[in-house]
Amino acid sequence: MTNSLNTWTRDRLAVLDRRDRRRELRTTSRHDGARVHTADAEFISFACNDYLALSRHPEVIAAGMEATLRHGTGSGASRLISGNNPEYENLERRLANFKGSEDAVVFGSGYLANLGILSALMGNRDLIVLDELAHSCLLNGAKLAGSKTLYFRHNDADHCNELLSAHRRAHRHVLVATEGVFSMDGDRAPLARLAELCEAHDAWLLCDDAHGLGVLGHGRGSVAEAGVAGRVPLQMGTLSKALGSYGGFVCASRPVCDFLRNRAQTFVYSTGLPPGVVAAAAKALEIIERDAALVTRPLTNALEFTHVLGIAPAASAIVPLLLGSSAAATAASARLAERGLFVPAIRPPTVPQGTARLRFAFSAAHTDADIAALATTVGELIQPTGETP
Ligand SMILES: *Cc1c(COP(=O)(O)O)cnc(C)c1O
């Protein structure tokens, strides 16, 4: 059918094709923590954020199944109506306890958590200051809030300080947001410096620790690793990565959490998570608390890879290798796939122009042989630009 909607979308897709930016879904199934299957091949995967392979853990699966059998597959309504299934209380208590906060609120996803938190706490008289590489959901949360938004250079606390010094006074409230571990770069935010600045300028610090939980700080995340527990009033995270489940959360004080339960639109007007998903996440958290050895493995694997390759030591479970153009990144990913290694090419607009890359995510499920195979093959086949992101 020819109409303007179809014509326009087809033209836009053709532009993406010409710029090597077209993305395609591929059906992939995961049968253990480190391997993925497509219709015709099996790969060792370095593309999953299931850092501890807890999505496949027998106790986590059993907890999810048991809750599903008892309470059904869906929660039936928003949590404020009748969707606050019995599994929530245990999970929120555990999260708060784990992060050393008074309370915690679970949202439908990490993305929804940031949209809800920023738009509930911040308004048009306020200022939001973001690291320039902050995740899409922080950018869109700031848009939804309608606040003035400024960006500081990546991990540059001095630049953040300059922005706060220049603009703090003209605004009612200020919120500074960063990722604890940057999702496409794997480096860590200077949380101690940022906490100090925020205290000095009466700004509220939000740390999105989607990739630090379960990996850094004995599993407690970037804030614990940086030694600033108690000094980051908004500790946001996701249940969808190291916890192997789905959903998002924030750990904060009781008044902040009670306010978000009343005012965060993505909490109030979206259905509660299925009971099985909530129960699985709580069980995963319990395992992280008790299994100290498991939690060290993703970073140990990442460090082994960077050591063998002779590049800067990994700071987290994520290691990028910059290749420059989208075409180079896509070609490198395809060459690794031919050798049975599943490594995604990350291209603009996810990362800045000219910094397309391979992104390696390391898991507790990778064996020493997996890491050795990867390092050897990458060393043989890939010529990175040598730049750091
Ligand atoms: C994945 C991710 C999110 C979103 O979490 P979901 O639970 O997948 O919606 C938010 N922030 C960062 C930094 C992430 O990497």
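## A tour from the ligand to the salt bridges and cysteines

Start by selecting Thr238, where a polar side-chain atom lies 2.7 Å from an oxygen atom of the ligand, a polar contact in the sense of a pair of N or O atoms within 3.5 Å (within protein, one must be able to donate a hydrogen and the other to accept it, and residues adjacent in sequence count only if both atoms are side-chain atoms). Taken alone, the ligand exposes 380 Å², and the protein buries 88% of that, with accessible areas coming from the Shrake-Rupley method with a 1.4 Å probe and, for residues, only the protein chains shown counting as cover.

Before moving on, keep in mind that this is a predicted model, in which local features need pLDDT of at least 70 and side-chain atom pairs count only at pLDDT 80 or more, while totals for chains, interfaces and linings use all residues. Residues are numbered from 1 along each chain as its sequence is written, and side-chain values use heavy atoms, with hydrogens and water left out.

**Around the ligand.** Select Asp208 next: an N or O atom in its side chain is 2.6 Å from a nitrogen atom of the ligand. Then turn to Gly110, which uses its backbone instead, an N or O atom there lying 2.8 Å from an oxygen atom of the ligand. Widening the selection to every residue with a heavy atom within 4 Å of the ligand brings up 14 residues, of which the closest are Asp208, His211, Thr238, Ser240 and Lys241. Colored by class, this shell has three nonpolar, eight polar and three charged residues, where Ala, Val, Leu, Ile, Met, Phe, Trp, Tyr, Cys and Pro count as nonpolar, Asp, Glu, Lys and Arg as charged, and the others, Gly among them, as polar.

**Salt bridges.** Leave the ligand and select Arg290 with Glu59, which form a salt bridge whose closest N and O atoms are 2.7 Å apart; the term requires a side-chain nitrogen of Lys or Arg within 4 Å of a carboxyl oxygen of Asp or Glu. This pair links distant parts of the chain, since Arg290 belongs to helix 12 (residues 275–290) and Glu59 to helix 2 (residues 58–71), 231 residues apart. Helices (H or I, at least four residues) and strands (E, at least two) are DSSP runs, numbered from the N terminus. Arg290 is partly exposed at 47% relative accessible area, as is Glu59 at 30%, on a scale where buried means under 20%, exposed over 50%, and partly exposed in between (1.4 Å probe, protein chains only).

Keeping Arg290 selected, add Glu286, which forms another salt bridge with Arg290, the closest N and O atoms being 3.6 Å apart. Both residues lie in helix 12, four residues apart, or about one turn of the helix. Salt bridges that share partners join Glu59, Arg94, Lys283, Glu286, Glu289 and Arg290 into one network.

For a pair within another helix, select Asp258 and Arg261, whose closest N and O atoms are 2.9 Å apart in a salt bridge. They sit three residues apart in helix 10 (residues 254–263), separated by about one helical turn; Asp258 is partly exposed at 36%, whereas Arg261 is buried at 16%. The structure holds 25 salt bridges.

**The cysteines.** Finally, select Cys160 and Cys198. Why do these two not form a bond? The sulfur of Cys160 is 6.0 Å from the closest cysteine sulfur, in Cys198, which is too far, because a disulfide is a pair of cysteine sulfur atoms within 2.5 Å. Both are buried, Cys160 with a relative accessible area of 1% and Cys198 with 4%. A search of the whole structure finds zero disulfides.
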